[in-house]
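I set out to record how the strands and helices of this chain are arranged, and which side-chain contacts could be found. The entries below were written with the sequence and the structure open.

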Amino acid sequence: MAFAIEVQPRTRTGGRSGKQLRREGRIPAVLYGKSCPATSLSVDVHQLDRALKSNTGKNTLIALQCDDKAIHGKTVMVKELTVDP
């Protein structure tokens, strides 16, 4: 079962934009793979948390929902998750 998560492409990257995203309840993410270039995204923290706390944990399949046709409908998995202690 894949969880559907809404993502938004982001144009700004870096420390300040990441902090601003976190204040808005979103986290920065990067989509990359064999057939697509690296794409910067922002993800709602509550939707991602719900997906990662399911029975499958980090092995959960996530279906991306986005206005961008190149991203919409892709199924992904979390490769790395960094948490500040």
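My entries begin with the sheet and then turn to the helices, the salt bridge and one cysteine.

**Entry 1: the sheet.** I note at the outset that I worked with a predicted model. I looked up the strand order and found an open sheet of five strands, S2-S3-S1-S4-S5, with mixed pairing. S2 (26-31) and S5 are the edge strands, each pairing on one side only.

**Entry 2: the neighbours of S1.** I followed strand S1 (residues 2-9) to its partners. With S4, S1 pairs in the parallel sense over five bridges. Within this pairing I recorded Gln65 of S4 as the bridge partner of Glu6. With strand S3 (residues 39-44), S1 runs antiparallel, and three bridges join the two. Here Gln8 has Ser42 of S3 as its bridge partner.

**Entry 3: strand S4.** I next asked which residues of S4 lie on its covered face. In S4 (residues 61-65), these are Ile62 and Leu64, while Leu61, Ala63 and Gln65 form the uncovered face. I recall that side chains in a regular strand alternate between the two faces of the sheet. S4 also pairs with strand S5 (residues 75-76), in the antiparallel sense and over two bridges. Ile62, from the covered face, stands opposite Val76 in S5.

**Entry 4: the helices.** I located helix H1 (residues 15-23) across S2 and S3, where H1 runs at about 125 degrees to S2. Helix H2 (residues 45-52) packs on the sheet and touches S1, S2, S3 and S4. I noted about 155 degrees between the direction of H2 and that of S1.

**Entry 5: charged pairs.** How many salt bridges does a search of the whole structure find? I obtained one. Lys53 and Asp49 form a salt bridge, with their closest N and O atoms 3.5 Å apart. In general, side chains of opposite charge can pair when their charged atoms come close. I then checked the accessibility of both residues. Lys53 is exposed, at a relative accessible area of 63%, whereas Asp49 is partly exposed, at 35%.

**Entry 6: Cys36.** I found Cys36 in the loop between S2 and S3. Is Cys36 buried or exposed? I entered Cys36 as buried, because its relative accessibility is 19% and the cut-off for buried is under 20%. I also looked up the separation of Cys36 from Gly57, 21 residues apart along the chain: their C-alpha atoms are separated by 25 Å.

Notes. Residues numbered from 1 in each chain as written. Predicted model: local features only at pLDDT ≥ 70, side-chain atom pairs only at ≥ 80, totals over all residues. Heavy atoms only, no water. Buried < 20%, exposed > 50% of the residue type's maximum accessible area, 1.4 Å probe, protein only. Helix = DSSP H or I, 4+ residues; strand = E, 2+ residues; numbered from the N terminus. Pairing = 2+ DSSP bridges. Salt bridge = Lys/Arg side-chain N within 4 Å of Asp/Glu carboxyl O. Contact = heavy atoms within 4.5 Å. Axes fitted to C-alpha atoms, helices over the stretch in contact; angles between N-to-C directions.
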